[in-house]
Amino acid sequence: MMNPKVPVITIDGASGTGKGTVTHLIAKKLGWNLLDSGVLYRVLALAAQNKGVSLEDETALTALANALDVRFIAAEIGESLLVFLEKQEVTDIIRAEKVGNAASKVAVFPAVRTALLDRQRAFRTLPGLVADGRDMGTVIFPDAIVKIFLTASPEERARRRYNQLNAKGIHVNLGALVGELRERDRRDQERTVAPLKPAVDAIIIDTDPLTIEQVVAQVMLEIKKVL
Ligand code: C5P
C-alpha cells in the first residue's frame with residue numbers, strides 16, 4: 001500500500017544508462033530499500049514463455065501478472081535481491097538480452113502495468129526506498145522527494161553493455177546491440193501508457209561524459225538538498 005510518510009527517490013532512464021548500478025550505490029549509501037521494477041516485467045515475460053502464453057495476448061498476460069508467484073529474497077540491505085519465479089531461482093536467467101526484449105513487449109499493455117502496480121508500491125517501507133525503472137517518477141511514485149532521469153547515447157549504452165558481456169566471456173556484435181537498443185527504446189518511448197519520459201520535476205543527468213562515481217555524486221547532491 002501507498003505510504004506517503006516513507007520517502008522515495010526515483011531513478012528512471014533507458015537500459016544501459018547505468019541506473020541499476022547507481023540505484024544500488026545510492027540505496028547502500030542511504031541504507032534504504034531498493035526496487036528494480038524491470039525485474040517484474042522480466043519475470044512476467046519469462047513466466048509467459050514457460051507457460052506458452054503469447055507476448056501479444058494482453059488478457060492472458062494480465063491474468064498471469066495478477067497470479068505471478070514472484071518472490072524477492074533479500075541478502076543484505078542495498079544489495080541485489082535473489083529473484084524466484086515459483087520454486088526456481090531466476091536471478092541470472094532474467095538478465096538475458098532476450099528476456100529484456102520480451103519484457104518490453106509485455107510492458108506495453110496497460111492492464112499488465114496496472115496488475116503490477118501494488119507489487120511495486122509494496123516496496124515502499126521504512127526507512128525509505130530507491131526505485132529504478134521507466135515510470136517510477138511519473139506513475140508509480142509521483143510524490144517522490146527526488147526524481148532523477150538518466151540519459152546516455154545508444155552508442156555509449158551499447159558499448160557499456162558490450163564491455164559487460166565481454167568481461168563475462170560472452171561475445172556479441174556491437175552493431176547488433178545498438179540496433180536492439182534502439183528498437184527497445186522505440187517500444188518504451190512510443191507506448192501509450194507510462195512511456196519512457198522524464199517527470200516534469202525530474203533532474204536530467206546525461207551520463208555520457210561521466211563515470212558511475214560522478215553520477216552517484218551528483219545524485220547524492222540532489223538528495224542532500226531535501227533530506
Ligand atoms: O530495466 P530493465 O531493462 O530491466 O527493463 C526491462 C523492460 O521492462 C524495459 O525495456 C521496459 O519495457 C520494461 N519496464 C517498464 N517499466 C519499468 C521498468 C521496466 O516498462 N518501470
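Colleague: In this predicted model, how much of helix 4 (residues 97-106) is covered, and which of its residues are buried?

Modeller: A residue is called buried when its relative accessible area is under 20%, and reading a helix this way means going through its residues one by one. Helix 4 turns out to be mostly covered, since seven of its ten residues are buried. Those residues are Val 99, Gly 100, Asn 101, Ala 102, Ala 103, Ser 104 and Val 106.

Colleague: What covers the buried residues of helix 4?

Modeller: The cover includes helix 2 (38-51), helix 3 (58-67) and helix 5 (110-115), and helix 9 also takes part.

Colleague: Helix 9 may be worth following, then. Which salt bridge does Asp 188 make, and which parts does the pair tie together?

Modeller: A salt bridge is read from the distance between a side-chain nitrogen of Lys or Arg and a carboxyl oxygen of Asp or Glu, which must lie within 4 Å. The side chain of Asp 188 meets that of Arg 134 at 3.4 Å, N to O. Asp 188 belongs to helix 9 (residues 174-190), whereas Arg 134 sits in the loop between strand 6 (129-133) and helix 7 (136-140), so the pair ties together parts that are 54 residues apart in sequence.

Colleague: Are the two partners, Asp 188 and Arg 134, buried or exposed?

Modeller: Asp 188 is buried, with a relative accessible area of 4%, and Arg 134 also counts as buried, at 15% relative accessibility. The pair is part of a network of salt bridges that links Arg 134, Asp 188 and Arg 191.

Colleague: What can be said of Gln 189, which is also found in helix 9?

Modeller: Gln 189 is partly exposed, with a relative accessible area of 44%. Gln 189 and Arg 134 are 55 residues apart in sequence, and their C-alpha atoms are 9.5 Å apart in space. If residues up to four places away in sequence are not counted, Gln 189 touches Pro 195 and Leu 196.

Colleague: Which residue meets Arg 182 in a salt bridge, and where do the two lie?

Modeller: The partner of Arg 182 is Glu 155, with 2.9 Å from N to O. This pair links distant parts of the chain, with Glu 155 in helix 8 (residues 154-167) and Arg 182 in helix 9, 27 residues apart. Glu 155 is partly exposed, at a relative accessible area of 35%, and Arg 182 counts as partly exposed as well, at 43%.

Colleague: How many salt bridges are there by this rule, and what is the N to O distance for Asp 69 and Arg 71?

Modeller: The count comes to 16 salt bridges. Asp 69 and Arg 71 form one through their side chains, at 2.8 Å from N to O. Asp 69 is partly exposed, with a relative accessible area of 28%, and Arg 71 is likewise partly exposed, at 45%.

Colleague: How should I read the crossing of helix 1 and helix 10, and at roughly what angle do their axes cross?

Modeller: One asks how closely the axes approach, at what angle, and with which hand. The axes of helix 1 (residues 19-30) and helix 10 (residues 212-226) come within 10 Å and cross at roughly 50°; the two helices are therefore oblique to each other. Helix 1 passes helix 10 in a right-handed crossing. On the side of helix 1 the contact is made by Thr 21, Val 22, Leu 25, Ile 26, Lys 29 and Leu 30, while helix 10 brings Ile 212, Val 215, Val 216, Val 219, Met 220 and Ile 223. By class, this contact has ten nonpolar, one polar and one charged residues.

Colleague: Let us turn to the backbone. Which residues other than glycine have a positive phi?

Modeller: Here one reads the torsion angle together with the residue type and its place in the chain. Among such residues, Glu 86 has a phi of about 50° and lies in the loop between strand 4 (82-85) and strand 5 (88-89), where it counts as partly exposed at 42% relative accessibility. Ala 194 has a positive phi near 50° and is found in the loop between helix 9 and strand 8 (203-206); Ala 194 is buried, with a relative accessible area of 10%.

Colleague: Is the peptide bond from Leu 126 to Pro 127 cis or trans, and where is Pro 127 placed?

Modeller: The omega angle is what to read for a peptide bond. The bond from Leu 126 to Pro 127 is cis, with omega near 5°, and Pro 127 has its place in the loop between helix 6 (117-121) and strand 6.

How values were computed: Residues are numbered from 1 along each chain as its sequence is written. This is a predicted model: local features need pLDDT of at least 70, side-chain atom pairs count only at pLDDT 80 or more; totals for chains, interfaces and linings use all residues. Side-chain values use heavy atoms; hydrogens and water are left out. Buried means under 20% relative accessible area, exposed over 50%, partly exposed in between (1.4 Å probe, protein chains only). Helices (H or I, at least four residues) and strands (E, at least two) are DSSP runs, numbered from the N terminus. Axes are lines fitted to C-alpha atoms, for helices over the stretch in contact, and angles run from 0 to 180 degrees between N-to-C directions. Angles under 35 degrees count as roughly parallel, over 145 as roughly antiparallel, 65 to 115 as roughly perpendicular and the rest as oblique. A crossing is left-handed if the near helix is turned anticlockwise from the far one by less than a right angle, and right-handed if clockwise. Contact means heavy atoms within 4.5 Å. Ala, Val, Leu, Ile, Met, Phe, Trp, Tyr, Cys and Pro count as nonpolar, Asp, Glu, Lys and Arg as charged, and the others, Gly among them, as polar.
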